[in-house]
Amino acid sequence: MTEAQLWIAGAGGVGREALDTALAAGVPVAGFLDDRARGTEVRGLKVLAPEDLPPGSHYLVGIADPHVRLRLAALLDAAGGEPTVLVHPRALIALETELAPGCLVMGGAYVSSGVRLGAHSQVHYNATVGHDAVLGERVTVYPGGNVSGSVRLADGATVGSNAVVLQGRTVGEDAFVGAAAVVTRDVPPGTVVVGSPARPLPRPAGG
């Protein structure tokens with residue numbers, strides 16, 4: 001990657017953590033892409049609108065929301081951008097592991113043997129992903145999350161901080177595992193589960 005060619009989409013919390021990851025890895029960052037902060041500076045870096053990404057630039061989407069991540073990645077791809085993988089030097093990536101373009105792995109994370117991370121997935125600091133787990137596109141494992149071996153996390157699934165997904169379980173598309181929940185059985189698509197053992201969050205009356 002040439003000097004100052006990486007742009008981070010999103011200047012909020014995850015975007016700044018992505019910047020910290022890039023700095024630790026010695027990857028130069030040109031600036032941020034964020035509609036809400038366009039025309040300003042964040043941590044001394046200029047902020048452009050996403051559609052103003054210079055053609056041919058590398059980018060990483062530093063936003064937690066998987067739906068926003070999908071929209072921005074499509075916009076940046078159309079603008080001629082190229083998604084890149086960003087891994088903190090204090091993360092441990094084991095052998096036979098595949099990281100698709102756009103993946104972000106933060107400091108203290110451990111990704112075990114034979115894992116596959118789909119495009120634009122994020123493993124946050126001090127999270128773990130066990131052997132042979134398969135993470136779809138735009139999956140998020142928040143800080144301290146523990147994904148056990150042979151787990152399947154479908155596209156857009158989220159594992160909250162300090163949550164545990166036990167061996168061999170499947171978390172469906174766009175499902176959300178709440179903080180500190182323990183998943184002992186498969187989670188259907190689009191479901192929010194909380195508690196230990198994890199159970200679906202009750203819907204509001206009349207919902």
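**Exercise 1. Place Ala-11 in the predicted model by its contacts, its position and its accessibility.**

Step 1. Beyond the neighbours within four places in sequence, Ala-11 is in contact with Arg-16, Phe-32, Asp-34 and Val-42. The model is a predicted one.

Step 2. Ala-11 sits in the loop that runs between β1 (6-9) and α1 (13-25).

Step 3. The relative accessibility of Ala-11 is 11%. Buried means under 20%, so Ala-11 counts as buried.

Step 4. Pro-101 lies 90 residues from Ala-11 along the chain, and the two C-alpha atoms are separated by 20 Å.

**Exercise 2. Identify the salt bridges, locate the partners and classify their exposure.**

Step 1. The structure contains three salt bridges.

Step 2. One of them joins Asp-20 to Arg-43, with 2.7 Å between the closest N and O atoms. This pair links distant parts of the chain, 23 residues apart: Asp-20 belongs to helix α1, and Arg-43 to the loop between β3 (41-42) and β4 (45-48). Asp-20 has 36% relative accessibility and counts as partly exposed. Arg-43 is also partly exposed, at 46%.

Step 3. Asp-52 forms a salt bridge with Arg-38, where the closest N and O atoms are 3.9 Å apart. Here the partners are 14 residues apart, Asp-52 in the loop between β4 and β5 (58-61) and Arg-38 in the loop between β2 (29-33) and β3. The relative accessible area is 39% for Asp-52, which is partly exposed, and 45% for Arg-38, which is partly exposed.

Step 4. Asp-186 pairs with Arg-169 in a salt bridge, the closest N and O atoms being 3.4 Å apart. Asp-186 is in the loop between β23 and β24 (192-194), while Arg-169 is in the loop between β20 (164-165) and β21, 17 residues apart. Asp-186 counts as partly exposed at 43%, and Arg-169 counts as partly exposed at 25%.

**Exercise 3. Work out the strand order of two open sheets and find their edges.**

Step 1. Five strands make up an open sheet with parallel pairing, in the order β9-β12-β15-β18-β21. Its edges are β9 (98-99) and β21 (170-171); each has a single partner strand, so one side of each has no neighbour in the sheet.

Step 2. At the β21 edge, strand β18 (residues 152-153) and β21 pair in the parallel sense over two bridges. Arg-152 stands opposite Thr-170 in β21.

Step 3. An open sheet of six strands, again with parallel pairing, has the order β8-β11-β14-β17-β20-β23. Its edge strands, β8 (92-93) and β23 (182-183), each pair on one side only.

Step 4. Two bridges in the parallel sense connect β8 with strand β11 (residues 110-111). Leu-92 stands opposite Tyr-110 in β11.

**Exercise 4. Describe the nonpolar cores and a nonpolar surface patch.**

Step 1. The largest nonpolar core has 29 residues, and those touching the most other members are Val-129, Leu-135, Val-141, Val-147, Leu-153 and Val-171.

Step 2. Apart from this core lies another, of 19 residues, including Ile-8, Val-14, Val-27 and Leu-104.

Step 3. Take Val-171 for its surroundings. Neighbours within four places in sequence aside, Val-171 is in contact with Arg-152, Leu-153, Ala-154, Ala-157, Val-165, Val-177 and Val-187.

Step 4. On the surface, Phe-176, Val-192, Val-194 and Leu-201 make a nonpolar patch of about 290 Å². Phe-176 is part of strand β22 (residues 176-177). With a relative accessible area of 33%, Phe-176 is partly exposed.

Conventions: Residues numbered from 1 in each chain as written. Predicted model: local features only at pLDDT ≥ 70, side-chain atom pairs only at ≥ 80, totals over all residues. Heavy atoms only, no water. Core = buried A, V, L, I, M, F, W, Y, C linked by side-chain atoms within 4.5 Å. Buried < 20%, exposed > 50% of the residue type's maximum accessible area, 1.4 Å probe, protein only. Contact = heavy atoms within 4.5 Å. Pairing = 2+ DSSP bridges. Helix = DSSP H or I, 4+ residues; strand = E, 2+ residues; numbered from the N terminus. Patch = residues over 30% accessible without salt bridge, like charges linked within 9 Å, V, L, I, M, F, W, Y side chains within 5 Å. Areas by Shrake-Rupley, 256 points an atom, 1.4 Å probe, with all protein chains shown as cover. Salt bridge = Lys/Arg side-chain N within 4 Å of Asp/Glu carboxyl O.
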